[in-house]
Amino acid sequence: MADRGCSGEAAAAGASPAPVPGLNPTLGWRERLRAGLAGTGASVWFVAGLGLLYALRIPLRLCENLAAGTSSLISGLIFVFEWWYFHKHGTSFIEQVSVSHLQPLMGGTESSISEPGSPSRNRESETSRQNLSECKVWRNPLNLFRGAEYRRYTWVTGKEPLTYYDMNLSAQDHQTFFTCDTDFLRPSDTVMQKAWRERNPPARIKAAYQALELNNDCATAYVLLAEEEATTIVDAEKLFKQALKAGETIYRQSQQCQHQSPQHEAQLRRDTNVLVYIKRRLAMCARKLGRIREAVKIMRDLMKEFPPLTMLNIHENLLESLLELQAYADVQAVLAKYDDISLPKSAAICYTAALLKTRTVSEKFSPETASRRGLSTAEINAVEAIHRAVEFNPHVPKYLLEMKSLILPPEHILKRGDSEAIAYAFFHLQHWKRIEGALNLLQCTWEGTFRMIPHPLEKGHLFYPYPSCTEMADRELLPTFHHVSVYPKKELPLFIHFTAGFCSSTAMIAILTHQFPEIMGIFAKAVLGLWRPQPWASSGFEENTQDLKSEDLGLSSG
């Protein structure tokens with residue numbers, strides 16, 4: 001557990017049962033009360049409105065107006081519903097119905113607008129594919145060990161850091177990586193195939209020991225024990241070394257038989273996945289135990305030996321280890337290879353690129369000085385890099401600036417979501433703190449991104465629009481005691497609020513004038529009298545003034 005160097009709860013879990021920083025237990029009921037009031041606010045206003053209408057049904061003669069079909073009342077109800085729908089869903093109900101239902105009936109389909117092979121259709125399909133990929137859940141490249149870290153956190157705090165959805169995704173990953181169609185040929189693999197499907201951790205551990213009894217060189221059994229039974233990183237490393245020895249033997253055997261049949265090719269892919277997984281976890285063990293150069297060497301060798309496995313994002317592990325060594329030139333070399341327009345982005349890549357550019361100017365940066373003389377070229381580049389990173393994932397700065405408390409990162413993340421922000425800040429906060437002035441520059445500039453993109457759900461600047469599916473997926477990935485970050489929220493334009501208030505007040509005045517003309521006439525005269533002085537009032541004032549002057553003169557002469 002040593003040398004992870006971040007302010008998360010795992011360090012506290014590995015040290016002593018002291019209070020975990022960032023998780024104040026006294027705030028739980030307040031957050032639940034706030035969330036409950038926010039969720040019931042609309043219902044309370046709706047019930048209050050119905051009660052008000054019921055109380056005024058007789059003096060306002062609502063039944064007669066409804067029977068007569070008052071058009072103003074119907075128009076007002078339609079407008080209120082349209083405003084409510086736009087406020088909740090961010091789009092117009094009338095526009096959505098027109099585009100989704102009426103346009104196809106009238107023949108205005110997309111096929112009549114653009115041909116299947118036209119550039120506009122290709123751009124639309126590319127955008128839709130990009131939005132789907134943005135909402136894809138990815139394996140966290142820096143995920144922690146269940147037994148040595150997640151379980152120790154549960155022992156200390158009594159809270160479960162992993163959700164059932166997250167663990168279910170991990171079970172699916174294990175079945176994909178560690179099983180194949182030829183498992184029935186080896187009894188130990190058959191047992192492990194059942195073990196990966198078990199939901200109960202003790203049952204999985206028991207099955208792993210059964211597999212080792214059948215075959216002492218079952219690499220996946222050692223992997224399961226290292227992940228879930230080992231209570232320290234040292235114990236996990238010992239088990240992974242045993243798994244490495246067994247995995248290399250099986251991998252060499254599979255290489256010799258790979259061309260015999262398609263089943264042998266599938267077995268080679270499975271054994272390759274097992275070997276890469278073991279080496280990667282060994283590198284992470286070395287990183288956590290302070291042997292950082294050893295970890296960097298293992299990661300570099302993996303990337304050279306298995307270049308097709310870029311989807312595992314081993315380069316993100318390498319970036320974090322190089323930042324710990326303060327080898328910024330090597331970090332820049334890795335970014336030059338993977339920060340490419342054709343490759344998928346991540347918070348680690350975008351924020352590490354921003355950190356490197358910030359490092360060159362942050363030490364001497366001052367907001368007062370910059371406002372007087374303007375920004376230099378290097379400072380402009382650093383600010384643009386921060387804006388680029390914030391546009392990709394707007395949740396990260398609050399964790400880096402410690403405006404929100406960190407929790408243990410989940411085993412899966414959603415790119416551009418709160419789960420990815422937690423996973424990045426958990427490991428990289430120490431690297432931002434190490435560079436003097438980096439967090440100060442971030443604090444001064446990160447909010448400027450939202451002035452460039454006022455509506456990120458509809459339009460992006462350097463990336464595609466921010467996906468609207470992140471909140472739902474993050475709530476499934478993150479534990480319930482964490483307050484999920486859901487901004488950027490779309491704010492209603494000012495004219496919407498003004499129009500709603502103006503139309504509502506006009507409709508109310510019209511109804512009251514129709515029902516109580518005498519009272520409203522007196523009220524209107526009184527209001528107009530406050531703003532416009534009456535002629536008779538001014539003349540009377542002059543007459544009174546003249547009388548006073550004559551009386552004063554008479555008194556003085558007497």
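I take buried to mean under 20% relative accessible area, exposed to mean over 50%, and partly exposed to mean in between. I note at the outset that I am reading a predicted model.

**Entry on Thr163.** I looked up Thr163 to settle whether it is buried or exposed, and because its relative accessibility is 14%, I enter it as buried. I then placed Thr163 along the chain and found it in the loop that runs between helix H8 (146-157) and helix H9 (164-178). Following its side chain, I found that it reaches the backbone nitrogen of Asp166 at 3.2 Å. Leaving aside residues up to four places away in sequence, I listed what Thr163 touches, and wrote down Glu476, Leu477, Leu478 and Pro479.

**Entry on the cysteines.** How many disulfides does a search of the whole structure find? I recorded zero disulfides for the whole structure. I also looked up the accessibility of two cysteines: Cys350 has a relative accessibility of 1% and so counts as buried, whereas Cys444, at 41%, counts as partly exposed.

**Entry on Trp84 and its patch.** I found Trp84 in helix H4, which spans residues 71-89. Its relative accessible area is 38%, so I enter Trp84 as partly exposed. Trp84 is also a member of a nonpolar patch on the surface, which it forms with Phe81 and Trp83, and together the three have about 290 Å² of accessible area. The accessibility of Trp84 fits its place in the patch, because patch residues need over 30% relative accessible area and Trp84 has 38%.

**Entry on Glu265.** I located Glu265 in helix H14, residues 262-288, and with a relative accessible area of 37% I count Glu265 as partly exposed. I also checked Glu265 against Gln255, and noted that they are 10 residues apart in sequence and 8.6 Å apart in space, taken from C-alpha to C-alpha.

**Entry on backbone angles.** Which value does phi take at Gln326? I read phi of Gln326 as near 60°, a positive value in a residue other than glycine. Gln326 sits in the loop between helix H16 (314-324) and helix H17 (328-338), and I enter Gln326 as partly exposed because its relative accessible area is 43%. For Glu402 I again wrote down a phi near 60°, positive in a residue other than glycine, and I placed Glu402 in the loop between helix H21 (396-400) and strand E2 (412-414).

Definitions and conventions:
Residues numbered from 1 in each chain as written. Predicted model: local features only at pLDDT ≥ 70, side-chain atom pairs only at ≥ 80, totals over all residues. Heavy atoms only, no water. Patch = residues over 30% accessible without salt bridge, like charges linked within 9 Å, V, L, I, M, F, W, Y side chains within 5 Å. Areas by Shrake-Rupley, 256 points an atom, 1.4 Å probe, with all protein chains shown as cover. Salt bridge = Lys/Arg side-chain N within 4 Å of Asp/Glu carboxyl O. Helix = DSSP H or I, 4+ residues; strand = E, 2+ residues; numbered from the N terminus. Buried < 20%, exposed > 50% of the residue type's maximum accessible area, 1.4 Å probe, protein only. Polar contact = N/O pair within 3.5 Å; in protein donor to acceptor, adjacent residues only side chain to side chain. Contact = heavy atoms within 4.5 Å. Disulfide = S-S within 2.5 Å.
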